[in-house]
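Notebook open, coffee ready. I'm jotting down what I look up as I go.

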Amino acid sequence: MQTQTGTPPSRTDSLEIAIDSTRMTSELQTLSTFTSIEPSSKGTAVTRIVFTPDDMRARAWLKDLARSEGLTIREDAVGNTFFRWVGTEPDLSAVATGSHIDAIPHAGMYDGTVGVLGGLEAIRALKRSGARPRRSIELVLLTSEEPTRFGIGCLGSRLISGTINPDRADGLHGAQRGSEDETLAQVRTAAGFKGPLSTVRLPQGHYHAWVELHIEQGPLLEREGLLLGIVTAIAAPAGYRFTIEGIGGHAGALLMPDRRDALCAAAEIILSIESHTLATGAIDTVATVGICDVYPGAVNSVPSRVTLQVDIRDTDPARRESVMHAVRRDVVSIATCREVRISEALVNADNPATCSPHLVGVIDDVCRGDGITAKHMVSRAYHDSLFMARISPIVMIFIPCRGGVSHRPDEYASPADIARGTRVLAATLGKLASE
Ligand code: GLV
Ligand code: MN
Ligand code: MN
């Protein structure tokens with residue numbers, strides 16, 4: 001469904017709200033400098049892995065910004081950080097917004113960061129407008145939305161919502177090559193986040209509402225010439241790890257008929273995943289093998305062990321599972337034919353989330369009042385909102401991004417689109433805080 005109004009903007013709360021787009025652009029640029037890689041010729045390349053010095057510098061900078069706005073700051077045991085503008089009735093459940101600042105290797109500068117700096121600017125804009133919210137408004141920086149360091153995404157929001165066992169989380173090992181020995185417990189403690197992870201959990205109903213602003217990360221808004229997306233549901237992600245063990249040896253001397261090449265078997269698994277995903281015929285079923293770790297990884301050595309990491313998502317978890325069923329049948333025959341051992345480990349299999357019709361309606365009203373053309377849409381990317389939905393009504397606001405590009409240095413959202421999304425966020429938070 002689309003909300004279209006061709007009429008001039010009517011007076012609404014949001015019209016009183018002015019976004020400082022120049023300041024936001026400059027803050028996004030500053031945040032993008034906390035990165036471990038050089039800017040790329042294709043755009044602004046950012047790598048900011050959770051709890052690295054870059055992440056810690058970014059957090060410190062953000063805390064300074066929030067402090068200068070008079071927001072209270074709380075950090076939990078996994079580094080989720082809560083910046084609160086205390087309302088006139090502080091005992092009421094707060095209205096929350098937030099996102100993440102970690103970035104996968106060689107990513108862009110807008111994924112997550114627009115929601116964090118947008119949340120901060122929304123609060124500042126509401127303050128400038130003279131608003132005095134009844135409910136507190138809280139900006140939340142969530143830890144490790146990206147799965148890069150520990151192999152599983154949305155760590156902070158999973159812990160907040162009780163979706164991952166705290167002991168299992170603390171025992172998660174480094175997922176990057178060479179970092180397998182480190183655990184979350186060690187790394188978070190070294191970063192200064194101490195105490196049991198069980199304390200991170202927040203009760204159902206802790207927030208009155210959760211609203212996340214994010215770039216779309218897809219092409220639909222731009223393609224349809226629409227200014228804003230209102231998310232009605234978030235697709236369900238799952239992650240699996242396949243380990244293939246064959247027999248290694250000398251690349252020249254080991255005869256072809258004698259080979260049990262783990263990488264050749266892995267290649268068949270990858271193609272099986274692709275073909276069963278395509279066979280669903282559903283645009284919402286997507287699967288990716290983004291990590292293929294080959295051991296020993298020498299050009300003149302037959303691969304003896306390969307680890308594949310599979311990311312598969314669907315709006316329909318049953319269809320997602322049917323793809324995995326079909327892949328497993330192929331895995332059995334690949335193992336038999338190639339005489340290799342293949343084991344499968346589940347990393348995560350999550351359910352989709354539905355956004356609150358009330359919150360969708362509030363944003364519809366804000367857009368209508370501002371003459372903004374908005375589209376109701378599904379998020380195929382996952383977000384912390386997927387897990388915040390377990391403790392709070394949620395909704396997301398999407399802004400267009402150029403070419404639908406994300407997780408790449410040429411990811412781009414225009415200052416005008418960012419400012420528009422932020423203004424809608426501010427107006428929405430303002431309305432919800434008065435409920
Ligand atoms: C989040 O970054 C995702 O992979 O959807
Ligand atoms: Mn991302
Ligand atoms: Mn994101």
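**Entry 1: the metal pair.** Before I list anything, I need a definition: a donor is an N, O or S atom within 2.8 Å of the metal, and since water is not among the atoms, a site may look incomplete. I also remind myself that this is a predicted model.

Which residues coordinate the manganese ion (ligand 2)? I found D111 (OD), E146 (OE) and H407 (NE2), at 2.0 to 2.1 Å. Along the chain these donors follow the spacing D-x34-E-x260-H. I looked up where two of them sit: D111 is in the loop between β6 and α3, and E146 is in the loop between β7 (137-141) and α4 (155-161), so this pair ties together parts that are 35 residues apart in sequence. I checked burial too, and both D111 and E146 are buried.

Next I went to the manganese ion (ligand 3). Its protein donors are H100 (NE2), D111 (OD) and H214 (NE2), and they lie 2.0 to 2.3 Å from the ion. Their spacing reads H-x10-D-x102-H. H100 is in the loop between β5 (94-99) and β6 (103-107), while H214 belongs to strand β8 (residues 207-215), so I noted that this pair links distant parts of the chain, 114 residues apart. H100 and H214 are buried.

What do the two ions share? D111 coordinates both, and the ions are 3.7 Å apart.

**Entry 2: ligand 1.** I listed what surrounds ligand 1: E145, E146, R313, A381, Y382 and H407. Then I looked at oxygen atoms of ligand 1 and what they meet. A polar side-chain atom of R313 is 2.7 Å from one. For Y382 the partner is a backbone N or O atom, at 2.9 Å. E146 offers a side-chain N or O atom 3.0 Å from an oxygen of the ligand. I've met E146 already, as a donor to the manganese ion (ligand 2), and H407 is on that donor list as well.

**Entry 3: helix α1.** I tried a quick length check. Helix α1 (residues 21-32) has twelve residues, and at 1.5 Å a residue they should span 16 Å; the end C-alpha atoms are 16 Å apart, which agrees.

Which residues of α1 are buried? They are M24, E27, L28, L31 and S32. Looking down the axis of α1, I see these fall within an arc of 140°, so they line one face of the helix. My reminder to self: an α-helix has 3.6 residues a turn, so residues three or four places apart point the same way. Finally I asked what covers the buried residues of α1, and the cover includes β2 (46-48), α2 (53-68), α3 (113-128) and α12 (415-433).

Notes. Residues numbered from 1 in each chain as written. Chains lettered and ligands numbered in written order. Predicted model: local features only at pLDDT ≥ 70, side-chain atom pairs only at ≥ 80, totals over all residues. Heavy atoms only, no water. Helix = DSSP H or I, 4+ residues; strand = E, 2+ residues; numbered from the N terminus. Expected span 1.5 Å × (residues − 1). Buried < 20%, exposed > 50% of the residue type's maximum accessible area, 1.4 Å probe, protein only. Arc of directions from axis to C-beta. Contact = heavy atoms within 4.5 Å. Donors = N, O, S within 2.8 Å, 3.2 Å for Na, K, Ca; no water. Near = heavy atom within 4 Å. Polar contact = N/O pair within 3.5 Å; in protein donor to acceptor, adjacent residues only side chain to side chain.
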